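Reader: Hello! I am new to this structure and would like a close look at a single part of it. Could you walk me through that part and then show me what surrounds it?

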Amino acid sequence: MMNDNIRCDTQHGFVPGRSCMTQLLDGGDPVDVIYHDFRKAFDTLPRRRLMKKLEAYGIKGGLLTWTGNFLSGRRQRVVVNGKLSMWAGILSGMPQTSVFEPILFVIFITDLPDDVTCTAKIFADDSGLFQGVSSHEDCLQFQDDLNRLVDWSQKWHMGFNEAKCNVIHLGSTNPCYEYSMRNNRGGLSCHH
């Protein structure tokens, strides 16, 4: 039996009583927010890593076997101008027509906020980091958290779509520090 410790408190998607509005609430002090978007999250989710996480969360036996069977052995083909392609195996991602998919994705990313010191919020396949930034040291700490988030994404093979990752600087006294995701030399897009 699965217990409720699998869902983290920072998840705001697919959770009753939570929404994108509950994710965005802010206290008014200078705050930087970095929003992240996973690149093709549901199409690229690594199945073997998902199965390892499920097992680490205590899902075993028949339920784990059933989940593995549900995810594996899938094929697809396309039709172009009335002609069918050959069948090809689907090696990553998960079926996107089931109610099971969002649950599996939430379980997969539930540990995402564990390695950061700032506030992390998750809404479906998007995440946001929030940090009060009243000093340069706060901004440097926030960059360290961003680096740890990138490390998490590399470890679990869930890349970010950097073009959709943005920084929002809130507050009139915000120092507007420029952040970067290691591979993005130009920094993240900034909004004031």
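My question is about helix H6: how many residues apart are Asp145 and Arg148, and about what part of a helical turn or how many turns separates them?

Author: Happy to help! Please keep in mind that this is a predicted model. Helix H6 covers residues 136-155, and Asp145 and Arg148 sit three residues apart in H6, so about one helical turn separates them. Their side chains meet in a salt bridge, with N and O at 2.4 Å. The two partners differ in how much of them is accessible: Asp145 is buried, with a relative accessible area of 0%, whereas Arg148 is partly exposed at 27%.

The structure holds two salt bridges, so let us visit the other one too. Lys53 pairs with Asp111, and their closest N and O atoms are 2.7 Å apart. Lys53 belongs to helix H3 (residues 47-56), while Asp111 lies in the loop between helix H5 (100-109) and strand E6, so this pair ties together parts that are 58 residues apart in sequence. Here both partners, Lys53 and Asp111, are buried.

Helix H6 also has a part in the largest nonpolar core, which has 39 residues. H6 is among the elements that give two or more residues to this core, and the others are helix H2 (41-44), H3, helix H4 (61-71), H5 and E6. Among the residues with the most contacts inside the core are Phe38, Phe105, Trp152 and Met158. As a general background, nonpolar side chains tend to be buried together in soluble globular proteins.

Phe38 is a good place to pause. Leaving aside residues up to four places away in sequence, Phe38 touches Phe105, Ile109, Leu112, Asp125, Trp152, Met158, Gly159, Phe160 and Asn161. Three of the names in that list, Phe105, Trp152 and Met158, also appear among the core residues with the most contacts.

Now step back along the chain to strand E1, residues 31-37, where seven of the seven residues are buried. Both faces of E1 are covered, with Val31, Val33, Tyr35 and Asp37 on one side and Asp32, Ile34 and His36 on the other. In a regular strand the side chains alternate between the two faces of the sheet.

Strand E1 has partners to meet as well. E1 runs antiparallel to E7, and seven bridges join them; Tyr35 stands opposite Gly128 in E7. E1 also pairs in the antiparallel sense with strand E8 (residues 166-170), over five bridges. In that pairing, Asp32 has His169 of E8 as its bridge partner.

From E7 (residues 126-132) we can move on to E6, since these two strands are antiparallel and joined by five bridges. Thr119 of E6 is paired with Phe130 in E7. The hairpin they form has two residues between the strands, and Ala124 takes a positive phi near 55° there. In strand E6 (residues 119-123), Ala120 and Ile122 make up a covered face, while Thr119, Lys121 and Phe123 make up an uncovered one. E1, by contrast, is covered on both faces.

One last stop is the cysteines. The count of disulfides comes to zero. Cys165 is buried, with a relative accessible area of 0%, and Cys176 is partly exposed, at 35%.

Notes:
Residues are numbered from 1 along each chain as its sequence is written. This is a predicted model: local features need pLDDT of at least 70, side-chain atom pairs count only at pLDDT 80 or more; totals for chains, interfaces and linings use all residues. Side-chain values use heavy atoms; hydrogens and water are left out. Buried means under 20% relative accessible area, exposed over 50%, partly exposed in between (1.4 Å probe, protein chains only). Helices (H or I, at least four residues) and strands (E, at least two) are DSSP runs, numbered from the N terminus. Two strands pair if DSSP finds at least two bridges between them. A salt bridge is a side-chain nitrogen of Lys or Arg within 4 Å of a carboxyl oxygen of Asp or Glu. A nonpolar core is a set of buried Ala, Val, Leu, Ile, Met, Phe, Trp, Tyr and Cys residues joined through side-chain atoms within 4.5 Å. Contact means heavy atoms within 4.5 Å. A disulfide is a pair of cysteine sulfur atoms within 2.5 Å.
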